[in-house]
Amino acid sequence: MTDVQLLSSRAIMGMYFARLEQDLGMSWMDGISNSFGSDQASETYVFLGQSPAMREWIGGRQAKGFTGEGLTIFNKHYEATIEVQKKDARRDKTGQLRARMDDFTDRAQTHWASLLSALLLNGASSLCYDGQYYFDTDHVEGKSGTQSNKIDVDISALPATLHGTVAAPSVEEMQQAILKGIAQILSFKDNEGEPMNENAREFLVKVPIGLYLTAVAAVSNLTTANLAPNLNPNIVAGLTVNVQMNARLTWTDTFAIFRTDSPIKGFIRQTEQETEMKAKAEGSEYEFDNDAWQFGIDNWRGAGYGYWQRACLVTLV
């Protein structure tokens, strides 16, 4: 009689860790958010208006400290658990189990995307470090003057040969709306009245599904005869503009632009404990009672708003 070989829990866990090595296209998160470690229940981030500009040395050094404005981000405990019937492991359902574990791993890896997307969607109604909504029309810090990172673009007033609707703008209209958002970011000043983004060269346009194709065409290096007279954001003044579709965004007439080449980003990712995998498998009481195994992952993390000056919300009207 031939012994039945049981697919081990170690092999199933190996599927999880092998999948972690795959690139799921989450690199955009590093462009719009800083990642910091944490060793307590929450962290408070005290913000500078801007690193001080060079000045003529008159009367000694004039050190610039923190402004006193800050934001506290709490770490929360997150988990996900999957169950595998022992009979499926015994019957060598390797292909099915691998597919299920791959999907389980992908969900874990996209968790940061979920947290950042929630911040993005709630940015016009959630406070950031200066006490204003993250996307707001009246940010003021020191000598900055009143500044807005939440703008409306009337597409009917744009000089375009083709016109669309706010939910389906023409490529020409989308090009110009993107440029207006970039120009808005470039205009921001710090609490000393100094430009904050004058050396910006790289931007990311975050769009919902409905605006994706138009946005891609708008920043493409290829132009048709109709679009030839229009400026192309991807080649304007040496700027690099990328588009990233986010299926979590529920907007129909709105998109966000982020500066991605700054050391200080628009969002903050905070990690107290990296994702860990635990199992109740061979020899466990759970296996005895249920003839099944459970694999669970959990972590402690948080996300919050960084510099509002690195982002602009654009609504087509």
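Reader: Which residue in β11 stands opposite Asp152?

Author: Thr315 in β11 stands opposite Asp152. This is a predicted model, in which local features need pLDDT of at least 70 and side-chain atom pairs count only at pLDDT 80 or more, while totals for chains, interfaces and linings use all residues. Residues are numbered from 1 along each chain as its sequence is written, and side-chain values use heavy atoms, without hydrogens and water.

Reader: What makes β5 and β11 paired strands?

Author: Strands are DSSP runs of E with at least two residues, helices runs of H or I with at least four, both numbered from the N terminus. Two strands pair if DSSP finds at least two bridges between them. Four bridges join β5 to β11 (residues 311-316), and therefore the criterion is met. The two strands run parallel.

Reader: Why are β5 and β7 called edge strands?

Author: β5 (150-153) and β7 (240-245) each pair on one side only. They end the order β5-β11-β8-β6-β7 of an open sheet with mixed pairing.

Reader: What span is expected of helix α1, and what span does α1 reach?

Author: The expected span is 1.5 Å times one less than the number of residues. For the 12 residues of α1 (residues 9-20) this is 16 Å, and the helix reaches 17 Å from its first C-alpha to its last, close to that value.

Reader: Why are the buried residues of α1 said to line one face?

Author: Ser9, Ile12, Met15 and Tyr16 are buried, that is, under 20% relative accessible area with a 1.4 Å probe, protein chains only. The arc is taken from the directions from the helix axis to the C-beta atoms. The buried residues fall within 115°, so they line one face of α1.

Notes: Buried means under 20% relative accessible area, exposed over 50%, partly exposed in between (1.4 Å probe, protein chains only).
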